[in-house]
Amino acid sequence: MYKATINVLKQLEKQGYKAYAVGGYPRDLYLGRKSLDVDICTNATPKEIKEVFKNVKLDAMKYGSVTLIYNKVRFEITTFRKEIKYEDNRRPVKIEYINDLEEDLRRRDFIINTLCMDSNGVIIDLLGAEEDLKTRRIRMVGNVKKRLKEDILRILRAVRFATILNFDLDPDLEKYIKKYGRLVKKLSYERKKEELDKIFSSPNVKYGIDLLIKLKLDKHLEIPKLRNIIITSSLLGIWSQLDVLEIYKFNNNEKKIIKQINELMNKDLLANENLYKYGLYVSTIVGEIKGIDRKIINEKYHSLYITSRNEIAITYKEICKLLNKKPGSFLKVILDDIESKIVKKELINDKKVLKKYIINNYTSI
Ligand code: ATP
Ligand code: MG
């Protein structure tokens with residue numbers, strides 16, 4: 001990632017533009033953390049950026065920002081800008097391209113996100129980011145009240161960065177988050193969920209949840225049950241306890257798992273048929289919520305004779321041959337029956353045993 005970043009910066013510079021890695025990548029590099037992608041800021045306009053990277057795949061061109069995939073690394077290249085007018089406490093509606101790095105840094109959210117790296121790998125710190133990274137705190141760039149009200153997503157971003165990095169919120173920032181926290185209601189549920197997902201899947205999730213509660217954001221985010229949940233290793237375990245399936249937007253897979261967790265909560269988790277039906281992933285989450293030792297669940301699950309239907313030791317073809325019949329609806333009846341008996345350990349999953357059982361019970365079917 002480092003080499004790819006240097007190369008991208010050099011290519012822009014070769015054409016006479018200024019270019020710096022900014023935000024997450026230099027910040028994480030400084031902290032010794034892994035980044036997923038790299039944000040670059042430059043005085044080249046999106047059209048000019050496209051000219052520089054003619055031969056490379058340019059994914060999308062949003063709002064003065066170009067996505068470039070280079071050596072499998074995702075670069076978000078954004079033209080230096082001033083954000084002039086914000087609407088509805090979210091996203092700027094008017095921007096102006098500028099030529100100056102420092103001014104670009106001033107429109108950014110937190111001081112720790114203003115650290116830059118140039119094409120020689122030299123760190124450039126115009127607004128005191130290193131100081132905040134050392135003292136482990138999240139401070140807003142500029143006037144806290146104004147910058148929070150401009151874009152209310154910054155409230156959740158502040159809590160997210162504090163959680164993930166295990167940093168403190170600057171007292172002034174905390175004060176205004178408390179004051180304007182109710183405005184998070186204006187954010188779309190997609191944006192709110194995106195930020196909460198990142199908080200809930202952090203190893204520091206306990207700190208993040210405590211922060212949300214301390215700042216009274218649980219109420220404004222319509223997740224009052226946050227106070228009483230048990231933290232699980234999977235974020236879906238957390239979401240399932242918040243009871244917001246009808247409000248927040250989940251994809252189909254997430255919905256399915258949350259429903260399964262809620263269903264299994266009211267059943268005997270250690271019953272073989274339930275371990276089989278819900279599988280190890282959902283069972284482990286429910287185990288965490290119910291306080292059942294993970295080792296016990298693991299052992300019981302791995303002692304099941306089968307963990308899915310295709311592990312049954314006899315195939316439908318063999319059953320047909322055995323009964324000398326053509327495939328038909330009787331197959332489902334037999335397979336359902338032997339599956340259930342194997343899961344309950346009333347039958348051993350062995351071809352000979354199953355054949356004998358089928359002959360004894362189904363020859364007249
Ligand atoms: P990560 O990518 O690890 O989540 P990041 O700091 O790179 O963290 P991005 O969302 O990728 O965050 O944004 C890149 C940079 O753009 C940020 O570091 C910040 O400087 C700026 N930025 C992003 N969102 C905002 C915002 N809502 N208000 C002001 N600046 C922002
Ligand atoms: Mg980023």
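Me: What phi does Asp243 take, just after α12?
Reply: Helices such as α12 are DSSP runs (H or I, at least four residues; strands are E, at least two), numbered from the N terminus. Asp243 follows straight on from α12, and its phi is positive, about 60°.

Me: What kind of model is this?
Reply: Residues are numbered from 1 along each chain as its sequence is written, chains are lettered from A and ligands numbered from 1 in the order written, and side-chain values use heavy atoms, leaving out hydrogens and water. Local features need pLDDT of at least 70, side-chain atom pairs count only at pLDDT 80 or more, and totals for chains, interfaces and linings use all residues, since the model is predicted.

Me: Which residue caps the N-terminal end of α12?
Reply: Look for a polar contact, a pair of N or O atoms within 3.5 Å (within protein, one able to donate a hydrogen and the other to accept it; residues adjacent in sequence count only if both atoms are side-chain atoms). The backbone nitrogen of Leu236 has a side-chain oxygen 3.1 Å away, and that oxygen belongs to Ser234.

Me: How many of the eight residues of α12 are buried?
Reply: Buried means under 20% relative accessible area, exposed over 50%, partly exposed in between (1.4 Å probe, protein chains only). Leu236, Gly237, Ile238, Trp239, Ser240, Gln241 and Leu242 make the list. The helix is largely enclosed by the rest of the structure, because its buried residues number seven.

Me: Which helices are among those covering the buried residues of α12?
Reply: Contact here means heavy atoms within 4.5 Å. The cover on α12's buried residues includes α9, α10, α13 and α14 (272-290).

Me: Which helix gives the most to the largest nonpolar core?
Reply: Such a core is a set of buried Ala, Val, Leu, Ile, Met, Phe, Trp, Tyr and Cys residues joined through side-chain atoms within 4.5 Å. This one holds 93 residues, and Leu173, Phe200 and Trp239 touch the most other members. With eight residues in it, the top contributor is α7 (residues 153-165).

Me: How far does α9 reach from its first C-alpha to its last?
Reply: The expected span of a helix is 1.5 Å times one less than its number of residues. Helix α9 (residues 189-200) has twelve residues, and its reach is close to the expected value, at 16 Å.

Me: How much of ligand 1's area does the protein bury?
Reply: Among the polar contacts, a nitrogen atom of the ligand is 2.8 Å from a side-chain N or O atom of Arg154, and an oxygen atom is 2.7 Å from one in Arg160. Areas come from the Shrake-Rupley method with a 1.4 Å probe (for residues, only the protein chains shown count as cover). Alone, ligand 1 exposes 590 Å², and the share buried by the protein is 77%.

Me: Is Pro26 buried or exposed?
Reply: Pro26 sits in helix α2 (residues 24-31). Beyond its neighbours up to four places away in sequence, it touches Ala21, Leu115, Cys116 and Met117. Its relative accessible area is 0%, so Pro26 is buried.

Me: What is the relative accessible area of Asn166?
Reply: Asn166 is in the loop between α7 and β11 (168-169). It has a positive phi of about 60° although it isn't a glycine. Asn166 counts as partly exposed because its relative accessible area is 41%.
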